[in-house]
Amino acid sequence: MPVTTAPSPSSPAAQQRRLLWHRLIFGLWYRPVEVLDEARDRSVWGAAAFVSLLCGALGTLAKDSFWGQWGVSPVLALEAMAIGSAVMMLASLLLGAATHAIARRLGGNGRFGPTASLFVVIFWASDLPRLALDTWLSAGSMPVRAAASVTAAFGCALATLLIRGQHHLPTHRAVASVSIQMLAAVVLLKFPPGSG
């Protein structure tokens, strides 16, 4: 009697691990390669909106004009904060869309959602230390300017890793995809005119 072997039951496909916001945002600082690899091909619009609104609020708190308005009318000051945060979120989304478009023009094959949303998360998560310092210290102080330099370099490196992984581009093309946007962020946000 021939011996028949029953086919082994197929193992269920491993479910993709849920990527929580705090693991994504703070994980970029202490294990960026692993986090970006885990986040590959995932759209993280919720985390992008959260971190951009948070950083927009922190940036508003650092402005003397906000506290001046707060002394007159707290409601109007909070409305101005909400508008400023929304504008910053839309601006960072445009930067993410521009980064995706440039990467595609340079031969990349990544999808829009993961690229743009992760770019926004990287853009603001890497700027959190500078914004936190800027809330308590003047924009032209040495600690704030040092933090701006370090976080600008770190953010550019993370954005390069993102584009290289999402769009499967060589490093020099990934750098070209993010350089204009990151330079604009450095000039306009981290070292604005009159901050020296």
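Helices here are DSSP runs of H or I at least four residues in length, and strands are runs of E at least two in length, numbered from the N terminus. On that basis the predicted model reads α-α-α-α-α-α-α-α-α along the sequence, with nine helices and zero strands in the protein chain. Of the 196 residues, 40% are buried. Contacts between residues at least 6 apart in sequence were also tallied, and 71% of them join residues at least 24 apart. The protein chain exposes about 11,000 Å², and 68% of that area comes from carbon and sulfur atoms.

Turning to the interior, the largest nonpolar core has 33 residues. Leu24, Leu28, Phe119, Val121, Trp124, Leu162 and Ile163 are the ones with the most contacts inside this core. At least two core residues come from each of α1 (21-30), α2 (32-38), α3 (45-61), α6 (112-125), α7 (128-136), α8 and α9 (171-190). Helix α6 gives the most, putting in eight residues. As for Leu24, setting aside residues up to four places away in sequence, its partners are Leu19, Val35, Ala39, Val44, Ala47, Leu118 and Val121. Val121 therefore turns up twice, as a partner of Leu24 and among the core residues with the most contacts, where contact means heavy atoms within 4.5 Å.

Then there is His167, which sits in helix α8 (residues 142-167). With a relative accessible area of 1%, His167 falls under the 20% cut-off and so counts as buried. Its side chain has polar company all the same: a polar contact of 3.1 Å links it to the side chain of Thr115, and another of 3.4 Å links it to the side chain of His100. Once neighbours within four places in sequence are left out, the residues in contact with His167 are His100, Ala103, Arg104, Gly108, Asn109, Gly110 and Thr115.

The surface has a nonpolar feature of its own. Trp45, Leu90, Leu93 and Phe112 make up a patch there, with about 370 Å² of accessible area together. One of these residues, Leu90, belongs to helix α5 (residues 74-105). Leu90 has a relative accessible area of 53%, over the 50% cut-off, so it counts as exposed.

As for charged pairs, the structure holds five salt bridges. In one of them, the side chains of Arg31 and Glu34 meet at 3.5 Å, N to O. The two ends of this pair are classed apart: Arg31 counts as buried because its relative accessibility, 19%, is under 20%, whereas Glu34, at 52%, is exposed. Another salt bridge pairs the side chains of Arg40 and Asp37, at 3.6 Å from N to O. Here both partners are partly exposed, with relative accessible areas of 33% for Arg40 and 46% for Asp37.

Helix α7 brings in a further pair. Arg130 forms a salt bridge with Asp134, with 3.9 Å between the closest N and O atoms. Both residues lie in α7, four residues apart, which is about one turn of the helix. Arg130 is buried, as is Asp134. The pairing does not stop there, since salt bridges with shared partners join Asp127, Arg130 and Asp134 into one network.

Definitions and conventions. Residues are numbered from 1 along each chain as its sequence is written. This is a predicted model: local features need pLDDT of at least 70, side-chain atom pairs count only at pLDDT 80 or more; totals for chains, interfaces and linings use all residues. Side-chain values use heavy atoms; hydrogens and water are left out. Buried means under 20% relative accessible area, exposed over 50%, partly exposed in between (1.4 Å probe, protein chains only). Accessible areas come from the Shrake-Rupley method with a 1.4 Å probe; for residues, only the protein chains shown count as cover. A polar contact is a pair of N or O atoms within 3.5 Å; within protein, one must be able to donate a hydrogen and the other to accept it, and residues adjacent in sequence count only if both atoms are side-chain atoms. A nonpolar core is a set of buried Ala, Val, Leu, Ile, Met, Phe, Trp, Tyr and Cys residues joined through side-chain atoms within 4.5 Å. Patches are made of residues with over 30% relative accessible area and no salt bridge: like charges are joined within 9 Å, nonpolar side chains (Val, Leu, Ile, Met, Phe, Trp, Tyr) within 5 Å. A salt bridge is a side-chain nitrogen of Lys or Arg within 4 Å of a carboxyl oxygen of Asp or Glu.
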